[in-house]
Amino acid sequence: MSSPDPQVRAARNHSTRSAARGPVVAVTGAASGIGDLLTRRLAESDEVKQVIAIDERRGEVSEAQWHILDVRDPAIAEKLRGADVVVHLAVDLDLETDPAARTAYNVRGTQTVLTAAAAAGVHRVVLCTSAMVYGALPDNDIPLSEDAELRATAEATGVGDLLEIERLARRAPRAHPGLNVTVVRPAVLVGGTDTALTRYFESPRLLVVAGSRPTWQFCHVDDLVSALEYAALEKVDGEFAVGCDGWLEQEEVEELSGIRRMELPSAVALGAAARLHRIGLTPSPAGDLAYTMYPWVVSVGRLHDAGWRPQWTNEEVLAALLEEVQGRHTVAGRRLGRKDATAAGAAGATVALLGTAALVRQMRKRRGL
């Protein structure tokens with residue numbers, strides 16, 4: 001007997017799911033990245049009644065009910081009607097996106113989703129930010145409590161947007177009584193991601209700022225998706241962090257990766273990074289360096305209390321990251337082409353960084369700055 005047509009099979013699955021107990025979960029940003037992974041996971045779960053998928057293009061999860069629109073469109077309220085939980089993942093943290101456009105999208109999108117969810121009768125919204133909102137500071141506890149003050153500044157890529165999303169999350173229940181907001185804060189995210197922190201491991205040498213105390217805690221996207229599922233199923237709520245248990249010291253990272261360090265004085269490293277970013281040679285502002293200098297390791301106690309455990313260790317995620325970035329070459333946050341990378345590798349990362357900084361100084365002199 002031939003297998004049923006895919007549309008027939010999807011209809012049967014939908015019928016079975018509609019009869020099941022469990023929440024109706026809407027996912028924004030559902031067509032790609034973490035949103036796609038979560039949509040697939042929820043669509044396969046016996047604990048979810050129905051999945052509503054929202055994005056600017058249709059994804060590949062046929063079991064979900066798709067709505068194609070921008071999350072900033074107020075019409076999203078109608079698409080959310082009947083949902084119990086919304087997981088909002090339509091957030092742009094791309095290094096190459098214009099910062100002003102990125103902020104406008106992220107903040108307006110989150111505002112619209114929260115307002116629309118309340119109007120549609122949704123009782124819970126799950127937001128995903130980052131453990132970066134705690135800030136990377138020399139006096140941070142190791143690990144930080146999940147209730148620790150958010151001491152980050154807006155000087156690193158996207159962190160200003162994430163802090164504003166956190167502010168919106170705290171204000172929403174007061175503005176919309178009956179709406180609960182859960183905030184998920186992953187550590188350094190690895191698995192199909194491209195961030196200033198993953199690019200750190202694309203360099204021929206690991207930059208270490210003299211006198212700093214780097215510590216590394218990773219979060220594989222698989223673990224983030226399972227934590228988001230916990231939040232969608234209301235097995236955990238409030239504000240919580242997600243990541244591997246424990247952390248790695250810089251020396252352990254260097255030993256495991258086999259990549260040697262280059263150590264620079266703070267003034268040189270921060271000054272060069274600021275100048276390179278200011279003239280547009282690198283996508284990462286100098287504030288990103290803080291997250292490679294000082295600890296921002298977090299406790300994952302609330303997820304543990306809910307019965308969740310990470311499937312990945314820090315060592316395993318680091319190995320996966322190194323495999324993923326193999327063949328890529330980055331100096332001072334700027335990804336190089338093959339020809340440039342060969343030259344950078346021959347000269348060494350220190351020469352490349354300081355040489356570019358010298359070039360910046362020459363350009364400034366010519367311009368009379």
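**Group meeting: a walk through the predicted model**

Okay, let's start with a single residue: Glu254 sits in helix H8, which covers residues 250-257. Before I go on, remember that this is a predicted model. So, is Glu254 buried or exposed? The relative accessibility of Glu254 is 15%, and the cut-off for buried is under 20%, so Glu254 counts as buried. Setting aside the residues within four places of it in sequence, Glu254 is in contact with Leu206, Val208, Ile259 and Arg261.

Let me zoom out for a moment. The protein has 369 residues, and buried ones make up 50% of them. In secondary structure we have 13 helices and 15 strands. If you take the contacts between residues at least 6 apart in sequence, 78% of them join residues at least 24 apart.

Now the cores. In soluble globular proteins, nonpolar side chains tend to be buried together. Here the largest nonpolar core has 39 residues, and Phe201, Trp216, Phe218, Tyr291 and Trp296 are the ones with the most contacts inside it. Which elements give two or more residues to this core? They are strands E7 (188-190), E8 (206-209) and E13 (261-264), plus helices H9 (266-278) and H11 (314-324). There is also a second, separate core of 36 residues, and Val27, Ala30, Ala43 and Cys128 are among its members.

Have a look at Tyr291 while you're there. Leaving out neighbours within four places in sequence, Tyr291 is in contact with Met132, Gly135, Ala136, Ala152, Ala156, Val159, Leu197 and Trp296.

Val159 from that list takes us to helix H5, residues 159-175. How do the ends of H5 compare with what you'd expect? At 1.5 Å a residue, its 17 residues should span 24 Å, and the end C-alpha atoms are 24 Å apart, so the two agree. The buried residues in H5 are Val159, Asp161, Leu162, Ile165, Glu166, Leu168, Ala169 and Ala172. What do they pack against? Helix H4 (99-120), strand E5 (124-128) and strand E6 (180-186).

You can see one piece of that from the H4 side. Thr110 has its place in H4, and at 0% relative accessibility Thr110 counts as buried. Not counting residues up to four places away in sequence, Thr110 touches His88, Leu127, Ile165 and Leu168. Two of those names should sound familiar: Ile165 and Leu168 are among the buried residues of H5.

Back to H9, one of the helices feeding the largest core. H9 has 13 residues and reaches 18 Å from its first C-alpha to its last, close to the 18 Å expected at 1.5 Å a residue. Its buried residues are Ala269, Gly271, Ala272, Ala273 and Leu276. Gly271 comes in at 18% relative accessibility, which counts as buried. Gly271 and Ala286 are 15 residues apart along the chain, and their C-alpha atoms are separated by 7.8 Å. Just after H9, check out Gly280: it takes a positive phi of about 85°.

Next, empty space. The largest pocket has a volume of about 1,100 Å³. It is lined by 41 residues, and Ile34, Val91, Asp92, Leu93 and Leu189 lie nearest its centre. Helix H2 (33-43), strand E2 (50-55), E7 and helix H6 (196-199) each give two or more residues to that lining. Which element has the largest share? That's H2, with four residues. By class, the lining has 22 nonpolar, eleven polar and eight charged residues.

As for cavities, the structure holds two of 30 Å³ or more. The second largest has about 40 Å³ of space in it. Its lining is Ala187, Val188, Thr215, Trp216, Gln217, Trp296 and Val297, and by class that's five nonpolar, two polar and no charged residues. Trp216 and Trp296 came up earlier too, among the residues with the most contacts inside the largest core.

Last stop, the loop between H2 and E2, where you'll find Lys49. Lys49 has a relative accessible area of 32%, so it is partly exposed. Along the chain Lys49 and Ala83 are 34 residues apart, and their C-alpha atoms are separated by 10.0 Å.

That's my tour, so over to you.

Key. Residues numbered from 1 in each chain as written. Predicted model: local features only at pLDDT ≥ 70, side-chain atom pairs only at ≥ 80, totals over all residues. Heavy atoms only, no water. Core = buried A, V, L, I, M, F, W, Y, C linked by side-chain atoms within 4.5 Å. Buried < 20%, exposed > 50% of the residue type's maximum accessible area, 1.4 Å probe, protein only. Contact = heavy atoms within 4.5 Å. 1 Å grid on protein atoms, 1.4 Å probe; cavity = no way out; pocket = protein on both sides within 12 Å on 5 of 7 lines; lining within 4 Å. Points joined across faces, edges and corners; volume = space filled by probe spheres on them. Nonpolar A, V, L, I, M, F, W, Y, C, P; charged D, E, K, R; others polar. Expected span 1.5 Å × (residues − 1).
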